[in-house]
Amino acid sequence: MARRYLNELGFTSQGKGPSFLAAEFLTHSPAMAKHSNQAGPAIQPAHPSTVRAFQRRLIAWYQQHGRDLPWRRTRDPYAILVSEIMLQQTQVSRAMLYYERFLTRYPTVEELAHADEGEVRETWEGLGYYNRARNLQRASQEILAKHEGRFPKTHEDLTALPGIGDYTAGAVRSFAFHQDAAILDTNAARVLTRFFALPPEQQTNRFLWSVARRVTPAGQAHVFNQAIMDLGATICVARTPRCAICPVKIRCRTVQERRKVRNKERS
Ligand code: SF4
């Protein structure tokens, strides 16, 4: 089981490996479920020191190696929303070409809400998936109509806007308002799955969101969220993770399991 799982994660190994359970690491806690106000199964890290080390190392690495992206230089929720919508189906390098241009043309919620739809489409042209621009304009119109132009700050209000799901709401809340909001995108999900060596049955959206909420440090979500996404985008990449230079490798359960498999093969 371990070998097949490691292979699925991009590691290759010869020979037989021992079975392992992520449940040793993250356990369901009925007591916590009862008192938790978070959606999804309650999860209690079995090793809090590992989670703390994960947070500390990740943030320290990000502060030194994080990508300098234009939307990381602002706390304007509208600008952050524009970047997040652009990034939904577009690579970072491509979104960067359009981000400044779009904001120059429509610098505020009001200007986008009142803009001509055809012109918005024209500005978006080349990015594809025009539905995103239409939702962005509709969201701006709703912010004016339902929130008197004040940018919504809660998960409920944000996810009620067109085109905004759990990830985008978490990104806006943490990056713009510095709230303790978790995020889960493909990169973050891959890092969590590998770091905690979650078996396939725990690689569900619901379970991973619960893990993300549990490991996001209070007061530092805005940095931690950027850090975990950067780690997934640059080090813990899909095909061949660069474990040798990974800041969290010392505590990574997948690396530990890979080592166990190798040691067993040698003995
Ligand atoms: S050591 Fe880092 S890069 Fe390697 S699997 Fe673990 S989290 Fe990913």
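## Loops, helices and ligand shell

Tyr129 counts as partly exposed because it has 14 C-beta neighbours inside 10 Å; a residue is called buried with 20 or more other C-beta atoms within 10 Å of its own, exposed with 12 or fewer, and partly exposed in between, the C-beta atoms being placed from the backbone. The structure is a predicted model, in which local features need pLDDT of at least 70 and side-chain atom pairs count only at pLDDT 80 or more, whereas totals for chains, interfaces and linings use all residues. Residues are numbered from 1 along each chain as its sequence is written.

The secondary structure of the chain comes to 14 helices and two strands, taken as DSSP runs numbered from the N terminus (H or I over at least four residues for helices, E over at least two for strands). Of the 267 residues in the chain, 39% are buried. Among contacts between residues at least 6 apart in sequence, 65% join residues at least 24 apart, a contact being a pair of residues whose C-beta atoms, placed from the backbone, lie within 7 Å.

Most residues other than glycine have a negative phi. The table lists residues with a positive value.

| Residue | Phi | Place |
|---|---|---|
| Tyr129 | about 45° | loop between α7 (117-124) and α8 (131-147) |
| His178 | about 50° | just after α10 |
| Ala197 | about 50° | loop between α11 and α12 (205-215) |

In contrast to the partly exposed Tyr129, Ala197 is buried, because 24 other C-beta atoms lie within 10 Å. The loop between α11 and α12 also holds Gln203, which is partly exposed because it has 16 other C-beta atoms within 10 Å. Gln203 is in contact with Thr193, Leu198 and Leu208 once its neighbours within four places in sequence are left aside, and its C-alpha atom is separated by 8.4 Å from that of Ala189, 14 residues apart along the chain.

Helix α10 (residues 166-177) has twelve residues that, at 1.5 Å a residue, should span 16 Å, and since its end C-alpha atoms are 16 Å apart, the model agrees with that expectation; the expected span is 1.5 Å times one less than the number of residues. This helix is mostly covered, with nine of its twelve residues buried, namely Tyr167, Thr168, Ala169, Gly170, Ala171, Val172, Arg173, Ser174 and Phe175. These buried residues pack against α4 (77-87), α9 (155-159) and α13.

Helix α4 also packs with helix α5 (residues 92-105), at an angle of about 140° and with the axes 9 Å apart; axes are lines fitted to C-alpha atoms, for helices over the stretch in contact, and angles run from 0 to 180 degrees between N-to-C directions. The contact is made by Ala79, Val82, Ser83, Met86 and Leu87 of α4 together with Val92, Ala95, Tyr98, Tyr99, Phe102 and Leu103 of α5. By class, this contact of α4 with α5 has ten nonpolar, one polar and no charged residues, where Ala, Val, Leu, Ile, Met, Phe, Trp, Tyr, Cys and Pro count as nonpolar, Asp, Glu, Lys and Arg as charged, and the others, Gly among them, as polar.

Around the ligand there are 14 residues, of which Cys236, Cys243, Cys246, Lys249 and Cys252 come nearest; a residue belongs here if its C-beta atom, placed from the backbone, lies within 6 Å of the molecule. The elements that give two or more residues to this shell are α11 (186-195) and α14 (253-266), and α11 gives the most, with three residues. By class, the shell has ten nonpolar, one polar and three charged residues.

Helix α14 has 14 residues that, at 1.5 Å a residue, should span 20 Å, and its end C-alpha atoms are 20 Å apart, which agrees. Within α14, Arg253, Thr254, Val255, Glu257, Arg258 and Val261 are buried. Pro247 lies in the loop between α13 (221-234) and α14, and is buried because 20 other C-beta atoms lie within 10 Å. Leaving aside neighbours within four places in sequence, Pro247 is in contact with Arg57, Leu58 and Trp61. The C-alpha atoms of Pro247 and Ala60 are separated by 8.6 Å, although these residues are 187 residues apart along the chain.

Key
Two residues are in contact if their C-beta atoms, placed from the backbone, lie within 7 Å.
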